[in-house]
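Colleague: I'm new to this one and would like a close look at a single part. Could you walk me through it once the structure is up?

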Amino acid sequence: MPDATAITMEPNIYELSSPGRTGVTYPAPDVPHADPPGNLLRKELPLPELAEVDVIRHYVKLSKYNYSVDDGFYPLGSCTMKYNPKINENTARLPGFLYTHPLQPVETVQGNLVLMYQLQEWLKEITGFTAMTLQPAAGAHGEFTGVLMMRAYHNARGDTKRTKMLIPDSAHGTNPASSAMSNLEVVQIPSDARGNVDLAALKAACDETVVGLMLTNPNTLGLFDEHLEEIIQTIHACGGLVYGDGANLNALLGIVRPGELGFDVMHINLHKTFSTPHGGGGPGSGPVGASEKLADFLPGPIVGVVEEGHDDVPASFGFIHPAKSIGRVKAFNGHFGMFVRAYTYIAMHGAEGLRQVAEYAVLNANYVRICLDKTYTVPFDRICMHEFVAEGQWEAAPGIRALDVAKRLMDYDFHPPTNYFPLIVHEALMIEPTETENKDTLDSFVKALLKIAEEARSQPVLLKEAPHKTPFGRMDEVKAARELVLCCWLPEDYASHS
Amino acid sequence: MTYIPHSLHERDTMLETIGVKSLEDLFKDVPKKNRFPTLHLPAALTEMEAAAELGELSLVNENVRTDLVCFLGAGAYNHYIPAAVDHILQRSEFYTAYTPYQPEISQGTLQSIFEYQSLITALTGMEVSNASHYDGATAVAEAVGLANAHFHGKRKKVVLSPAVHPQYRLTLRTYVQNMQIELAGDNPVAVNDEWFSESSPERLIPLIDAETSLVVVQYPDFFGRIYDYAQLIESAHQMGALVCVAANPIALGLLKTPGEMGADIVVGEGQPLGIPLSYGGPYLGFFTTRKQFIHKMAGRLVGETVDTRGQRAYVLTLTAREQHIKRERATSNICTNEGLLALAAAVYLSLLGPIGLRQVADLCYSKAHYTAEKISRLPGYSLCSDAPFFHEFPVCCPSPVAEINAHLLDHGFLGGYDLGQDYPALKNHMLLAVTEMNTREEIDALVEVLAEVAHA
């Protein structure tokens, strides 16, 4: 049960309620009042009652309990927490974009369609794929889309015995989950001593039952696989397809086009690589690129030219359904608001700017790695791409875990790196600085981590009890899972609230 | 321009520390023949130029605030969004944070999701809500995942009403294409005028059997009609099947909740709750269920707890259900969801409260009924259905909907949805939506233009 003795920092929205208040008023009806049939009316509507100022103060107060990219360094590995340019927020809110209905006749929304078409073309150019859909809502959604396309490709060729997806042990959990949603058997492929896919194991797993391989490259250790071409050839040789998890595309902008390397299908995270904000957990956006082989299987509709322009008449854009489409993966046209932001970002960077993004993201990651690798074990210590993984444990500091290092970092006003991922590194701290951070910030971060390593030996309790300077301390997660209080009222009271 | 802060001097110092001569040297693992391709992209713009270019592009569109009067709905609705909603969303403490993996410095996000869960369960009359799905369509598809997990994949049939949004039905089909699931009832070809006069939710009952895992209906349905699903749900339960109701959250400001009718899963499109039309996204899928199904529910969940200092606080809980722990055994692969839009819905519902939400629902209901009544008296037009409806209704028109809409567009109206696109027997049937945004003058003007078309 909720702890009656708990101290309340900010009341919840129901505790702030007072009967009769409202934050909005609406015009009186200008038509005769009508009532639904009495048997279809709800009896009560248990929402809180607040004035506008109450609501604003409540959420502003809550916002101050958050750490964000605009507060400081957020090196959350694999999430690419780069700066979100403010102009993007303005362009996405232009009334001409914001107040268009997804089902308007195409001739009234040519601006939107030009933007979507152009973004498709730019993403194709950047990634080297033949075709692109903008529809998937997030990275995992794009993965699921890609897996369905791979399966549909084999099925369309009458090659129906392919039921296995190969996935390296360093992969994001979404890869196996996306494969399972397509009713595929997951076969895990180990990594070798240098952090690459174990080629011998991969070859042994390849046969005529393989749908393909889901490969994150650079992988979640931040390493560009040294045998990438051979891996892709191996999969293709057994008739399989290669899926690229584009979570780490930030390292590759202007450096290499995955489509040219032989990937057959790949998702892109606009919310990582192309600076659309992460929103406290979304919305993301996960466009999917396809090679010529898979282009016809993309989810529909995608934007295309329906009438070529000539002289002074501009081309006319509309929706096109790929010939063997797997179908729609969501309603309407994808996360359009995110398209406007990504378009703005790409337009402002151009080819040279995008290449600099990748170069400086990789520079920053290697700089932090070199500054730390004498103090923290870096299991695969070679030139990395945009991120690297260190261990948050030392023999000389028994009992100290990556979690303690992460929590102590908050006292130095940094967001912790991703911890306990990838699963193949013990006590993993996965650090992705992005191109956003300057040398001074990186130096202070390194200084803090070196200090923490020292504290781990000399004053371990400082780490064990960290964080000390944040508004909240460590959480009782067992209590949360055991009591399952998931609403502002007690579970027993559910009945009276419905 | 870029947002990269390094000076050339800093760059060189860092390269020296790393022990490489140039930035190029960092990329030696990349196959040489593919390294550093030339990207053919337009020349980089400054912020000033980008603002101008995007501004011009946006003006090519006709929008429903300044150019067109909107009577189009079909799953995305033109509602008023109080100014305070976007002011909260523009707090960069919210929008530039990510998933609250570190609860000590993410209580803002966590408490607001917890409140969102509370508000959505209150609205739907259900017991638990997750932190969101991508949209209404994918939330419906995930309901199939829950039912499938609940029956351990043993029940292979899903009964799907043809009166569920066409794009939701298509999305569901995409999701289950490799799952050997039989879909019954989803027969849009059979939806004709006779179907309208005879259809009731109870017509689905004979399709439900011991093989059925889930029955999916919509409330109000795609045609705007409102039914009490209690009898259908009871029949489904007798067969051991679960029932998912996809509900419009504004309608729930007025109408009996699916929870009260006995639904097992209530999902829907949260866009009407303070989220702009934005050409279709990003929107918000809400997902609620009963406590007994919580371990099979996909998506993030926030629970209350205390911290080491004795303060009430919130954490992501039951994470063992999710892909990052359970990998291929997870119910779903969902990871990033619609966090910021869930915040929008929470702020919207907090601002409106029961008084405001009921007002909006009342205005939608009254204005839609005023519109329907006027159109029904126009020669050549009739209402296709006499079932109760909320704020949307199908109209049988004297000519093809595309023609009528073209004429309406000439007069500054965004006409209704052409039902013939999805239901072949419903040519000349238009689905009109009316919200609190439509004034009596606009409605009267719409009716006048419709009358002109009938006479033309």
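Colleague: Let's take helix 8 of chain A: which residues are exposed on the other side of it, away from the buried ones?

Modeller: Sure, and keep in mind that this is a predicted model. On that other side of helix 8 of chain A, the exposed residues are A:Gln233 and A:Ala237. To see what they are opposite to, start with the buried set. Helix 8 of chain A covers residues 228-237, and its buried residues are A:Leu228, A:Ile231, A:Ile232, A:Thr234 and A:Ile235. These five sit on the same side of helix 8 of chain A, because they cover an arc of only 160° around the axis. The spacing fits a general rule: an α-helix has 3.6 residues a turn, so residues three or four places apart point the same way.

Now for what lies against that buried side. The buried residues of helix 8 of chain A pack against two helices of the chain, helix 7 (199-205) and helix 9 (258-261). They also pack against two strands, strand 4 (210-216) and strand 5 (241-245) of chain A. So you can picture helix 8 of chain A with A:Leu228, A:Ile231, A:Ile232, A:Thr234 and A:Ile235 gathered within that 160° arc, and with A:Gln233 and A:Ala237 exposed on the other side.

One last thing to look for as you follow the chain onwards: just after helix 8 of chain A comes A:Gly239, which takes a positive phi of about 85°.

Definitions and conventions:
Residues numbered from 1 in each chain as written. Chains lettered and ligands numbered in written order. Predicted model: local features only at pLDDT ≥ 70, side-chain atom pairs only at ≥ 80, totals over all residues. Buried ≥ 20, exposed ≤ 12 C-beta atoms within 10 Å, placed from the backbone. Helix = DSSP H or I, 4+ residues; strand = E, 2+ residues; numbered from the N terminus. Arc of directions from axis to C-beta. Contact = placed C-beta atoms within 7 Å.
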